[in-house]
Amino acid sequence: MVALTLGAAVNAALAGALADDDRVVLLGEDIGRLGGVFRVTDGLLERFGADRVIDTPLAEAGIVGTAVGLAMRGYRPVVEIQFDGFVYPAFDQIVCQVAKLHYRTNGRVRMPLVIRIPWAGGVGAAEHHSESPEAYFVHTAGLRVVAASTPQDAHLLLRQAIASDDPVIFFEPKRLYHAKGEVDLDLDLADAPPLHLARVAREGTDATIVTYGAQVRVALDAALAAEDEGLSLEVIDLRSLSPLDMSTVAASVRKTGRVVVTHEAAREAGVGAEIVASITERCFAFLEAAPQRVTGHDIPYPPAKLERHHLPDLDRILHAVDLVCDRVPGEVAR
Amino acid sequence: MTYTRTDAADLAEDVGAARLLEPDGTRVADPSLDPLVADLAPDALRALHRDMVLTRRLDAEGVALQRQGQLALWAPCRGQEAVQIGTAHALAAGDFVFPSYREHGVLLARGAQPADYVLAWRGEEHSAYDHAAIGVAPLQIIIGAQSLHATGWAMGAQRDGSTDVAVAYYGDGATSQGDVNEALVFASSFRAPVVFVCSNNQWAISEPVTVQARFPIAGRAPGFGVPSMRVDGNDVLACVAAMRWALDRARRGEGPSFLEAVTYRMGPHTTSDDPTRYRDAAEVERWARRDPIARFEAYLRAEGVLDDDAVAEVDAAADALAAAVRAACIGATTRPADSLFDHVYAEPHAPLAAQKAEYRAYLDGFGEDE
């Protein structure tokens, strides 16, 4: 075990994949000489050369589209989209090509391609640098969607994503790039929990908080605060947003009967909507209160000075917990 | 030899296009192109003719099958046989083609089977043929998207140290797409061994090429650092020569090339289209006089390479192909409902497996097999 930041864990995963498999190539803007705008690919150009760590022209559709061609030639491309809000020019290539080629060809053409996206807000960034576009990709059949919340998971999930023969959209919460944690770099992929499994980040009995990405930390902080008030909260880190591990979520909700889902992305038709719908289908008879969603507002991402009002914080989560636990006088969860 | 003219008046015509055969079949000399086709023996010339005739017959069968309700749609390629067959005959086995939906002749030249032409248009499959076996990517409906795939594939071939070349086929309409322009940037920056073949057939459904371009299309590529050639797309000999020029450059490590093949879409965009609403009969008639097959046949007969017996033999082969395509189309069986859920993912996916089982149980409730 070594203590690494989440960014360094991603770097180690990329270096490991490049070293283990010479079909792995990286493509992206500024990932080579600069080492990425977050320095996540620092040192990889020097170690693996310009044929494998490719500084591309500034064209996201071009990056993803050429990665499709590389995959068809037998490579395993790992693409970096520089910021979440820059992925949209590549949307057609991702949705029409990357996601569908395997289906369109009855499995004859595989797309072992990973699209890494530094993701979401809370870092005081400029417009288009703080987006949470995950629902678009979760809605698209043929893609797997993953969100890391710890350095260990950033390393493990990325290694698993690169090893997968399916295309994976890999979200890296930039708010946590500098967060440190213990990482087992030698964890055997075969022994590790599979890519699609959620993780119980904290066990509890009174209510369940379902979340992912940087919001896992906020939820854990909320659980710690609730403990002082005598409430025991279970926190589930989804890890995989597509497929969703609803078995783990449902098992928790059947135990607690009360659930709050929280994410930074907007509420309407967000991942939380899918989770709450699935919970009501699977656990209706176990629910003691209507599930609550604590999300970003249904607005475009606001200017940085206002983002603290947009990002669901500890207090908003605890308010929702109070609602589902019938602890707000005169108010019921609805 | 490379295209350098920048006169917008050239746009919709074949001015400045490299040519080896006049519309009446007269062979004209071109010192730079002649050496590129000097080795074509009578057998190779007859093979070009044969594949053009087969393509036209196959295309007519596609239209007929659609009219008879056997296909949902067909995108006719009548008039574009020379660019498709000429360029495809210049390819090597290891090269890989990224076609649009109109390249029936390219599929034929690459060895497609009868069912391969029609199952997608019938609605049985999204993509029917064995891509690896014939070296052709799934036909692309998103306009120009395949230009990037070809470029990426070429970057892979380059990294493998091979001499394989990728080829992207698209039309004049595609040249307005971002993907096509990004592909030129990537191919140029990385000197990727890729050839872009733009079949300028003058029409993108109802929009004339002048809506896509106010500057000759072949004149754009040099601005990306990609050498280009404007070639008479109805002259199969010139198309072979131009493609060999481009492929040789790629194999020598000199990077991408761009061909604008000036041709004409004689038929509608697809069987759902009515071109009489937007273009004059006189224009169509003018292009009919530049027919690629009649031109080449006149040349081969004058050279003594082709006679009535040979033409009759080719016509019989074309009818046999059409019959085989018809049989494969009409005899196609629709896959069972369970297959809907197959191949969405390469690896196990529990929620989708559950959805498949759920739908199976629902169907079983009616006692249905399918």
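A crossing of two helices is left-handed if the near helix is turned anticlockwise from the far one by less than a right angle, and right-handed if clockwise. The legends below apply to a predicted model.

**Figure 1. Packing of helices α9 and α10 in chain A of the predicted model.** Helix α9(A), residues 246-256, and helix α10(A), residues 271-283, pack at an angle of about 60°, and their axes are 10 Å apart. The pair is therefore classed as oblique. The crossing of α9(A) and α10(A) is right-handed. From α9(A), the residues M246(A), V249(A), A250(A), V253(A) and R254(A) take part, and they meet I275(A), S278(A), I279(A), R282(A) and C283(A) of α10(A). By class, this contact holds seven nonpolar residues, one polar residue and two charged residues.

**Figure 2. Contact between chain A and chain B.** Each chain is represented in the contact, with 34 residues from chain A and 34 residues from chain B. On the side of chain A that touches chain B, the elements giving two or more residues are α3 (60-72), α4 (91-98) and α5 (101-104) of chain A. Helix α3(A) provides the largest share of that side, nine residues. The side of chain A comprises 13 nonpolar, 13 polar and eight charged residues.

**Figure 3. Helix α3 of chain A against helix α7 of chain B.** Helix α3(A) packs against α7(B), residues 146-159, at an angle of about 55°, with the axes 6 Å apart. This angle makes α3(A) oblique to α7(B). The crossing of α3(A) and α7(B) is right-handed. On α3(A), the contact is made by A61(A), G62(A), G65(A), T66(A), A67(A), V68(A), G69(A), L70(A) and M72(A), while α7(B) contributes L148(B), H149(B), A150(B), T151(B), G152(B), W153(B), M155(B) and G156(B). Nine nonpolar and eight polar residues form the contact of α3(A) with α7(B), and no charged residues are present in it.

**Figure 4. The two domains of chain A and their contact.** The domain assignment divides chain A into domain 1 (2-183) and domain 2 (199-324). The centres of these domains of chain A, taken over C-alpha atoms, are separated by 26 Å. Their contact takes 24 residues from domain 1 of chain A and 20 residues from domain 2 of chain A. On the side of domain 1 that touches domain 2, at least two residues each are supplied by α6 (134-138), β6 (144-147), α7 (151-163) and β7 (168-173) of chain A. Strand β6(A) gives the largest share of that side, four residues. By class, the side of domain 1 has 13 nonpolar, six polar and five charged residues.

**Figure 5. Surroundings of helix α12 in chain A.** In α12(A), residues 314-324, the buried residues are I317(A), L318(A), A320(A), V321(A), D322(A), L323(A) and V324(A). These buried residues pack against β10 (207-211), α8 (215-228), β11 (233-237), β13 (259-266) and β14 (292-296) of chain A. After α12(A) comes D326(A), which has a positive phi near 55°.

**Figure 6. Backbone features around strand β12 of chain A.** Most residues other than glycine have a negative phi, and most peptide bonds are trans. The peptide bond from S242(A) to P243(A) is cis, with omega near 0°. P243(A) is placed in the loop between β12 (240-242) and α9 of chain A. R239(A), in the loop between β11 and β12 of chain A, has a positive phi near 65°. R239(A) counts as buried because 26 other C-beta atoms lie within 10 Å, where the cut-off for a buried residue is 20 or more.

**Figure 7. Selected residues of chain B.** R191(B), in the loop between α8 (178-190) and β3 (194-200) of chain B, has a positive phi near 50°. With 17 C-beta neighbours inside 10 Å, R191(B) is classed as partly exposed. A288(B) belongs to helix α11(B), residues 281-288, and is exposed, with 12 C-beta neighbours inside 10 Å. The C-alpha atoms of A288(B) and Y264(B) are 8.9 Å apart, with their positions 24 residues apart in sequence counted as separation. D291(B) is in the loop between α11 and α12 (292-303) of chain B and counts as buried, with 20 C-beta neighbours inside 10 Å. D291(B) and G79(B) are 212 residues apart in sequence, whereas their C-alpha atoms are 6.5 Å apart in space.

How values were computed
Residues numbered from 1 in each chain as written. Chains lettered and ligands numbered in written order. Predicted model: local features only at pLDDT ≥ 70, side-chain atom pairs only at ≥ 80, totals over all residues. Axes fitted to C-alpha atoms, helices over the stretch in contact; angles between N-to-C directions. Parallel < 35°, antiparallel > 145°, perpendicular 65-115°, else oblique. Contact = placed C-beta atoms within 7 Å. Nonpolar A, V, L, I, M, F, W, Y, C, P; charged D, E, K, R; others polar. Domains from an automatic or database assignment.
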